[in-house]
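These are my notebook entries on a single chain. I record what I looked up, in the order in which I looked it up.

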Amino acid sequence: MAYKETKEGPAVCKRCLKRIRMIKKTQGKLEAVNPDPVGFVQIYSPNGYDRYVLEDGRSVYGRSVRHGEQPTEYGYVPHKYTCEAKPL
Ligand SMILES: [Zn+2]
């Protein structure tokens with residue numbers, strides 16, 4: 001694992017050195033997410049949509065907001081989807 005942090009809160013990705021945040025998921029595991037929440041449109045199906053982590057640790061699916069649209073939720077993008085470090 002690229003993330004050794006065992007506590008919730010701000011951290012740094014050891015591979016790309018960007019700021020991340022460790023968030024505790026509902027199953028009790030920690031996940032590294034990008035620290036700034038983003039608005040998205042929640043979709044009640046995982047098929048082909050992106051996963052976001054909510055403030056309370058739930059994982060939901062959705063897509064980015066299109067022009068002129070209002071987000072239905074705010075959440076965090078899992079860092080592994082945007083990490084710029086090359087895969088090991
Ligand atoms: Zn990274």
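How many bridges join strand 4 to strand 7, and in which sense do the two strands run? I looked this up in the model, which is predicted. I found 3 bridges between strand 4 (residues 38-42) and strand 7, and the two run antiparallel. Within this pairing I noted phenylalanine 40, whose bridge partner in strand 7 is glutamate 73.

Entry: the sheet around strand 4.
I then traced the sheet that holds this pair. It is an open sheet of 4 strands in the order 5-6-4-7, with antiparallel pairing. I recorded strand 5 and strand 7 as the edges; each has a single partner strand, so one side of each is left without a neighbour in the sheet. For the orientation of neighbouring strands in this sheet I noted an average turn of 65° against each other, direction ignored.

Entry: the N-terminal strands.
I turned next to strand 1 (residues 9-12) and strand 2 (residues 19-24), which pair in the antiparallel sense over 4 bridges. Opposite glycine 9 I located methionine 22 of strand 2. Strand 2 is also joined to strand 3 (residues 30-33), again by 4 bridges and in antiparallel fashion. Here lysine 24 has leucine 30 of strand 3 as its bridge partner.

Entry: the two hairpins.
I examined the connections for positive phi values. The hairpin of strand 1 and strand 2 has 6 residues between the strands, and leucine 17 takes a positive phi near 65° there. I marked this value since it occurs in a residue other than glycine. Is leucine 17 buried or exposed? I found 10 other C-beta atoms within 10 Å of leucine 17, which means that it is exposed, the limit for that class being 12 or fewer. In the hairpin of strand 2 and strand 3, with 5 residues between the strands, the positive phi belongs to glycine 28 and lies near 95°.

Entry: the core.
Which residues make up the largest nonpolar core? I listed 9: Cys13, Ile20, Ile23, Ala32, Val33, Phe40, Tyr52, Val53 and Tyr76. Strand 2, strand 3 and strand 5 (50-53) are the elements that give two or more residues to this core. I followed valine 53 further and, leaving aside its neighbours within four places in sequence, found it in contact with Ile23, Lys25, Glu31, Val33, Ser59, Gly75, Tyr76 and Pro78.

Entry: valine 65.
I placed valine 65 in the loop between strand 6 (59-64) and strand 7 (73-75). With 14 other C-beta atoms within 10 Å, valine 65 is partly exposed. Not counting residues up to four places away in sequence, valine 65 touches Gly39, Phe40, Val41 and Pro71. I also looked up its separation from valine 38: the C-alpha atoms are 9.5 Å apart, and the two residues are 27 apart in sequence.

Entry: the chain as a whole.
I counted 0 helices and 7 strands, which gives the pattern β-β-β-β-β-β-β along the sequence. The radius of gyration is 13 Å, close to the 12 Å of the globule rule for 88 residues, so the chain is as compact as a globular protein of that length. Along the principal axes, the C-alpha atoms fill a box of roughly 35 × 25 × 20 Å. Of the 88 residues, I found 16% that count as buried. I closed with the contacts between residues at least 6 apart in sequence, of which 44% join residues at least 24 apart.

Terms used:
Residues are numbered from 1 along each chain as its sequence is written. This is a predicted model: local features need pLDDT of at least 70, side-chain atom pairs count only at pLDDT 80 or more; totals for chains, interfaces and linings use all residues. Two strands pair if DSSP finds at least two bridges between them. A nonpolar core is a set of buried Ala, Val, Leu, Ile, Met, Phe, Trp, Tyr and Cys residues joined through C-beta atoms within 7 Å. A residue is buried if 20 or more other C-beta atoms lie within 10 Å of its own, exposed if 12 or fewer, and partly exposed in between; C-beta atoms are placed from the backbone. Two residues are in contact if their C-beta atoms, placed from the backbone, lie within 7 Å. The radius of gyration is taken over C-alpha atoms; the globule rule is 2.2 Å times the number of residues to the power 0.38. Axes are lines fitted to C-alpha atoms, for helices over the stretch in contact, and angles run from 0 to 180 degrees between N-to-C directions.
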